[in-house]
Amino acid sequence: MDRKLNFVMISPHFPTNFEPFAHRLQANGFNTLGIADTPYDDLSDGLKASLTEYYRVDNMEDYDQVYRAVAYFAHKYGRIDRIESHNEYWLELDAKLRTDFNVFGYKTEDMLAIKTKRQMKEIFRKSGIRVAQGDVFHTDDQARQLAQKLGFPVIIKPNSGVGASDTYKIKSDQELEEFFGYKTAGVEYIMEEFIDGDIVTFDGLTDHDGNIVFYSGLEYKEAVLETLDHDSDMFYYVPREFSPELIELGKKCVQAFNVKERFFHFEFFRVKKTKDLMALEINCRPPGGLTIDMWNYADDFDIFDQYAKVVRDNQFTADIQHRYNVVYISRKANRHYVHSLEDIHQHFGEQIILTQSVPGIFAQIMGEVGILARTETMDELRDLVSYAQAKES
């Protein structure tokens with residue numbers, strides 16, 4: 001290669017467990033060019049050492065400032081080869097910068113399909129993938145008519161959004177009327193039929209040509225809305241085995257949404273009555289939380305390094321065997337558990353990878369303490385979860 005590739009990293013410090021992207025890109029010969037509004041001195045020492053240069057802007061929401069930062073890097077280092085945040089919040093910013101600097105990857109014109117749930121549904125349908133029925137609404141009367149058509153309960157959530165934020169399960173006309181009183185002004189909502197099913201995901205990475213070079217997935221104890229409603233303990237895990245149907249649907253989604261040299265996180269319902277899979281939504285970035293680290297523990301490899309190799313050489317070299325199930329187990333501060341963290345470590349030994357405190361903003365879902373563990377069998381995983389979350393009667 002005649003020159004170093006220039007990789008602009010938008011908000012490279014967040015989340016902190018994504019900082020290894022900078023470490024591995026630099027180790028693989030990239031110029032790592034960071035842009036954020038965080039003071040340089042507040043960055044971790046490891047990130048400082050892994051950034052070729054850092055440009056601090058006053059406000060990341062001010063596009064002109066971020067544009068000037070990229071222009072500065074282009075003037076100093078030459079053509080910009082990649083612009084990426086790996087963060088849902090900055091997808092549209094990434095795309096606008098790629099459009100203006102003619103950089104490989106999703107452009108502004110692609111954002112409607114990957115950010116809005118209504119457009120996702122249309123693409124799913126055209127690809128022959130089943131989806132929950134529903135539509136956007138712009139007035140209270142439209143919402144009432146749609147609820148009558150779909151039947152209660154219904155799910156209402158932002159048409160453009162991620163996760164369970166601002167999402168509601170509405171079970172009656174009265175609850176719908178109450179929703180009109182507290183809905184967020186200026187937000188476009190979509191209403192969907194309620195699907196009684198478990199959420200499973202198909203996650204991974206594609207190469208430059210859109211081939212899936214790595215796949216994994218997640219299964220959950222229950223939906224996030226249920227965890228919030230019941231203030232319950234939760235767990236989710238990366239399984240060793242994936243159904244052929246899930247893999248086939250995942251391949252269809254990658255093709256339908258033109259996912260190239262990107263991480264993806266596709267969510268499906270597994271309908272309880274029929275066990276059929278139904279598409280929920282797509283996210284064209286890595287899964288959140290510790291999931292990307294769970295991939296590494298599931299197969300003893302380094303996804304950050306493999307991503308750098310895919311960008312640099314379009315090659316994925318790791319030998320993926322899906323060696324372990326990896327589980328995240330939550331523990332809440334207001335519970336009286338039978339077993340202490342020390343008990344858990346002693347009882348399960350090397351199966352426990354780590355325990356960590358969870359920031360308050362995430363603790364309602366993720367618990368104040370999170371335990372990461374891996375097992376070879378699902379029976380071992382269930383035993384571990386049961387022991388860790390057992391409560392005093």
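In strand β2, glycine 34 is the bridge partner of methionine 9. This pairing belongs to a predicted model, in which local features need pLDDT of at least 70, side-chain atom pairs count only at pLDDT 80 or more, and totals for chains, interfaces and linings use all residues. Residues are numbered from 1 along each chain as its sequence is written, and side-chain values use heavy atoms, with hydrogens and water left out. Strands (E, at least two residues) and helices (H or I, at least four residues) are DSSP runs numbered from the N terminus.

Strand β1 (residues 6–10) and β2 run parallel and are joined by five bridges; two strands count as paired if DSSP finds at least two bridges between them. Between β1 and β2 the chain passes through helix α1 (residues 20–27), in a β-α-β crossover that is right-handed. Right-handed here means that, with the strands pointing away from the viewer, the path from the first strand over the helix to the second runs clockwise. On its other pairing, β2 runs parallel to strand β3 (residues 53–56), with four bridges between them. Glycine 34 has tyrosine 54 as its bridge partner in β3. The route from β2 to β3 leads through helix α2 (residues 45–50), and this β-α-β crossover is right-handed too.

How well is β2 (residues 31–36) covered? Six of its six residues are buried, that is, under 20% relative accessible area with a 1.4 Å probe and protein chains only (over 50% is exposed, and partly exposed lies in between). Asn31, Leu33 and Ile35 make up one covered face, and Thr32, Gly34 and Ala36 the other.

These strands sit in an open sheet of four, ordered β3-β2-β1-β4 with parallel pairing. Its edges are β3 and β4 (82–84), each of which pairs on one side only. Neighbouring strands of the sheet are turned by 20° against each other on average, direction ignored; axes are lines fitted to C-alpha atoms, for helices over the stretch in contact, and angles run from 0 to 180 degrees between N-to-C directions. Isoleucine 10 faces isoleucine 35 of β2. Helix α4 (residues 91–101) packs on the sheet and touches β1 and β4, its direction making about 165° with that of β4; contact means heavy atoms within 4.5 Å.

Further along the chain, strand β11 (residues 235–238) has Phe235 and Tyr237 pointing one way and Tyr236 and Val238 the other, all of them buried. Strand β10 (residues 212–220) runs antiparallel to β11, joined by two bridges, and glutamate 219 has tyrosine 237 as its bridge partner. Four bridges link β11 in the antiparallel sense to strand β14 (residues 325–331), where valine 327 stands opposite tyrosine 237.

Turning to the aromatic residues, the structure holds 35 aromatic pairs. Rings of Phe, Tyr and Trp (its six-membered ring) pair if their centres lie within 6.5 Å, with planes under 30 degrees apart counted as stacked, over 60 as edge-to-face and the rest as tilted. One tilted pair consists of phenylalanine 214 and phenylalanine 301, 5.4 Å centre to centre with 45° between the planes. Phenylalanine 214 lies in strand β10 and phenylalanine 301 in the loop between α11 (291–299) and α12 (303–313), 87 residues apart. Phenylalanine 214 is buried at 4% relative accessible area, and phenylalanine 301 is buried at 14%. Both belong to one aromatic cluster, which includes Phe7, Trp295 and Tyr307.
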